[in-house]
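Trainee: Please take one part of this model and go through it closely. I want the local picture, with cut-offs.

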Amino acid sequence: MSDTTHRQPVGIDALLERVRSGYRRVDAREAHQEALAGEALLVDIRYAALRERDGLIPGAVVVERNELEWRLDPRGSHRLPEATGHDLRVVVICNEGYASSLAAASLHQLGLHRATDLVGGFQAWRAEGLPVEPTAS
């Protein structure tokens, strides 16, 4: 038997706390400033219905959550042109800042050690009055 068969299950709140302790999360204004300065790639992992309903963050790359690791792995055959190396600063954005934490932790496992996520997600971005554009109809 492997060691994993004897571990106690962990709840989602404990898992979020554990993965978030591995990096420093950013707030909306900090993410915006890093993106404007060309220091961070904003990656929107919200599903299509939320993007259509609420709009897009200008300059953010949209990557469906189920494709994230394949698109951002610098060694992957399906990577985005922006996935230039393991030092890439990635700020993952979901709707409210929960799924993005798990996604950032997954990127850390791929060696993207500067990956983080946006506290409060897209909703925090919008609440700060930061730029949002409608989706193309």
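Mentor: What follows starts at one helix and moves to the strands beside it.

This is a predicted model: local features need pLDDT of at least 70, side-chain atom pairs count only at pLDDT 80 or more, and totals for chains, interfaces and linings use all residues. Residues are numbered from 1 along each chain as its sequence is written, and side-chain values use heavy atoms, with hydrogens and water left out.

Start with helix H2, residues 28-36. Helices (H or I, at least four residues) and strands (E, at least two) are DSSP runs, numbered from the N terminus. The buried residues of H2 are Ala28, Ala31, His32 and Glu34. They sit on the same side of H2, because they cover an arc of only 165° around the axis. That arc is taken from the directions from the helix axis to the C-beta atoms. Buried means under 20% relative accessible area, exposed over 50%, and partly exposed in between (1.4 Å probe, protein chains only). An α-helix has 3.6 residues a turn, so residues three or four places apart point the same way. On the other side of H2, Gln33 and Leu36 are exposed.

Now the ends. Asp27 caps the N-terminal end of H2, with a side-chain oxygen 3.3 Å from the backbone nitrogen of Arg29. Just after H2, Gly38 has a positive phi of about 75°.

What covers the buried residues of H2? Strand S1 (41-44), strand S3 (90-93) and helix H6 (121-127) are among the elements that do. Contact here means heavy atoms within 4.5 Å.

Take S1. Both of its faces are covered. Leu41 and Val43 are buried on one side, Leu42 and Asp44 on the other. In a regular strand the side chains alternate between the two faces of the sheet.

S1 runs parallel to S3, joined by four bridges. Two strands pair if DSSP finds at least two bridges between them. Leu41 has Val90 as its bridge partner in S3, and Val43 stands opposite Val92. S1 also pairs with strand S2 (residues 61-62), in the parallel sense, over two bridges. There Val43 partners Val61. From S1 the chain crosses through helix H3 (residues 48-54) to S2, in a right-handed β-α-β crossover. Right-handed means that, with the strands pointing away from the viewer, the path from the first strand over the helix to the second runs clockwise.

S3 is also covered on both faces: Val90 and Val92 are buried on one side, Val91 and Ile93 on the other. Two bridges join S3 to strand S4 (residues 116-117), again parallel. Val92 stands opposite Asp117 there. S3, helix H5 (residues 99-109) and S4 form a right-handed β-α-β unit.

Technical notes:
A polar contact is a pair of N or O atoms within 3.5 Å; within protein, one must be able to donate a hydrogen and the other to accept it, and residues adjacent in sequence count only if both atoms are side-chain atoms.
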